[in-house]
Amino acid sequence: MAGAIDLLRVKAVIRRQRFVQLRAPQRWFDVIIWPMVDTVIWGSIGLFVDQQGGAGRAGTPYMLSGILLMHVMYQANVSMSCGFLDETWSRNLVNLMVSPLREIEFLAGLMVMSTVRLVAGLAAVAFAAWLLFSFNVTSAGWGLIPAVAILMLVGWVIALLVMALVLRFGDGAEILCWGLLFVIIALSGAFYPISAMPGLLQPIGRLLPSTHAFEAARRLLDGQPMPWGLIARGAAGVAVAVPVAAAVLWRTLHLFRDRGYITRYS
Amino acid sequence: MNVLDASELVKRYKRTTAVDGVSLTIAASERVALLGANGAGKTTTLLMLLGAITPDEGTVTVLGHRLPGGRSEAMERVGFAAGYLPLPTRLRVREVLAYFANMHGVADPDPAIDAGLERFRIPHLADAMATELSSGQRTLVGIIKATLHRPRLLVLDEPTASLDPDVAHRVRVGLEETCDAHSSALLVTSHNMTDVERICERVVFLSHGRVVADGPPASVARQFGRANLEEVFLHIASEERI
């Protein structure tokens, strides 16, 4: 990863990803349709809970803010992971690995496109929540921004780990792109406080930076002041997780080259 | 200065030693063929020379940059194409070429793309989707992709595999023109000995991961007491089976 970043190469990666997004209709399902379907499902569940009167009539906003924030992680992870998987699916990995492209340039390009897709996905959720449930995502205020940033970084951490697993174990590991994400979402209490989780799992949940971001968002929705303590815990978590995931990917790339795994794609 | 210096390369996989002490130097503008039967270690050697596989032993220096540390700088002046590799999906031919030209530092690739498409007589494919090309067209685009940045070293793995005679001829002529125009050195693997004799001034035969012959085609044929490279190839391949 040493050496200066060449912006021309980063732009080339972004341009390639843009064409993939624009010319693959199925990719719009991930960015637009799937977030809207989720909004309908979870918003309706929230509405039903509200109608039962068992959740202090906060079910809908909890569910909708949960789905919005879950899609931050989802889009950040899936966009970046699929950007890498595209190169394995089209057997372009050999071409990239014998080009001057540095790993950090490739990742930077994927992160830019991931952010663009993330904004589009969030806009889809926000629009559906407003149209179908009269829920304004800005009601929690600007305080949501740090929580969104933490969740985006958690999504990227998962993507780095997925890339490492695919490099190590081959294409069969690509299922983890989605599988690992949903495990983290479940353990992070995206739609419920972790006190509602089985006691055995709660300590694991508390270790995840995403848990603190989801909890911070719920408190903001309840009209409480900015929960800086939770944000700080989440930020500290990603400050550890990002370098650890980058180190795992870096080590796996070395192993990939040492063991000649590139021949799987030649 | 040599464009490539590889010394005593060794690569072992779980059950086999794919490359066993290969040394190879290529001078500027020199055209070298790396030959051998399937499994002789050609592709593993190429991938080590390009930094995609780390050798267990030995060193690789490309254009003065020692791999793996100097891989990115070295590859800026190296072009690579393989007949068996597909092109990236969802891109038109011009976009594929621009993508790889940008990777190699060419900020305005259009003039080089137009010249490359003309040289290989496929300007009409500029706007075709890369995934819709025939294997021959894909090979030509792959070679253009590898030459847009005027590489000092052009590395081609099986460029004429499964091409019809017309396309194979275009590849040969285009390659010679490109190497002449850019003073590029060429390292090519091929199973087509006729192509090799026409294009390359030096051949290196591998067998069981080792260099068993290195020199001009005619002298290598003499060394083995054969009339041409085809017969040398068959002789070495038959010994490998034993």
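1. Start with the open sheet in chain B. It has 6 strands, in the order β6-β7-β8-β3-β9-β10, and the pairing is mixed. Keep in mind that this is a predicted model.

2. Look next at the margins of that sheet. β6 (78–82) and β10 (210–215) of chain B are the edge strands. Each has a single partner strand, so one side of each is left without a neighbour in the sheet. On average, neighbouring strands of the sheet are turned by 15° against each other, direction ignored.

3. One pair inside this order deserves a look. β7 (residues 153–157) and β8 (residues 185–189) of chain B run parallel and are joined by 5 bridges. B:Val155 sits opposite B:Leu187, a residue of β8(B).

4. A helix crosses part of the sheet. Helix α5 of chain B, residues 135–147, lies across β6 and β7 of chain B. Its direction is at about 170° to β6(B).

5. Now turn to the start of chain B. Strand β1 (residues 2–12) pairs with strand β2 (residues 17–27) in the antiparallel sense, over 8 bridges. A hairpin of 4 residues links β1(B) to β2(B). Within this pair, B:Leu4 has B:Ile26 of β2(B) as its bridge partner.

6. What else does β1(B) pair with, in the antiparallel sense, over 5 bridges? The partner is strand β4 of chain B, residues 57–62. B:Val10 is bridged to B:Glu57 in β4(B). B:Leu4 is bridged to B:Val62 in β4(B). B:Leu4 therefore has a bridge partner in β2(B), namely B:Ile26, and another in β4(B), namely B:Val62.

7. β4(B) leads on to a short piece of strand. Strand β5 of chain B, residues 65–66, pairs with β4(B) in the antiparallel sense over 2 bridges. B:Val62 stands opposite B:His65 of β5(B). The two strands form a hairpin with 2 residues between them. In the turn, B:Leu63 has a positive phi of about 50°.

8. Chain A offers a helix to check. How many residues does helix α5 of chain A have? There are 31, running from 103 to 133. The helix reaches 43 Å from its first C-alpha to its last. That is close to the 45 Å expected at 1.5 Å a residue. Just after α5(A), A:Ser134 takes a positive phi of about 50°.

Methods. Residues are numbered from 1 along each chain as its sequence is written. Chains are lettered from A and ligands numbered from 1 in the order in which they are written. This is a predicted model: local features need pLDDT of at least 70, side-chain atom pairs count only at pLDDT 80 or more; totals for chains, interfaces and linings use all residues. Two strands pair if DSSP finds at least two bridges between them. Axes are lines fitted to C-alpha atoms, for helices over the stretch in contact, and angles run from 0 to 180 degrees between N-to-C directions. Two residues are in contact if their C-beta atoms, placed from the backbone, lie within 7 Å. The expected span of a helix is 1.5 Å times one less than its number of residues.
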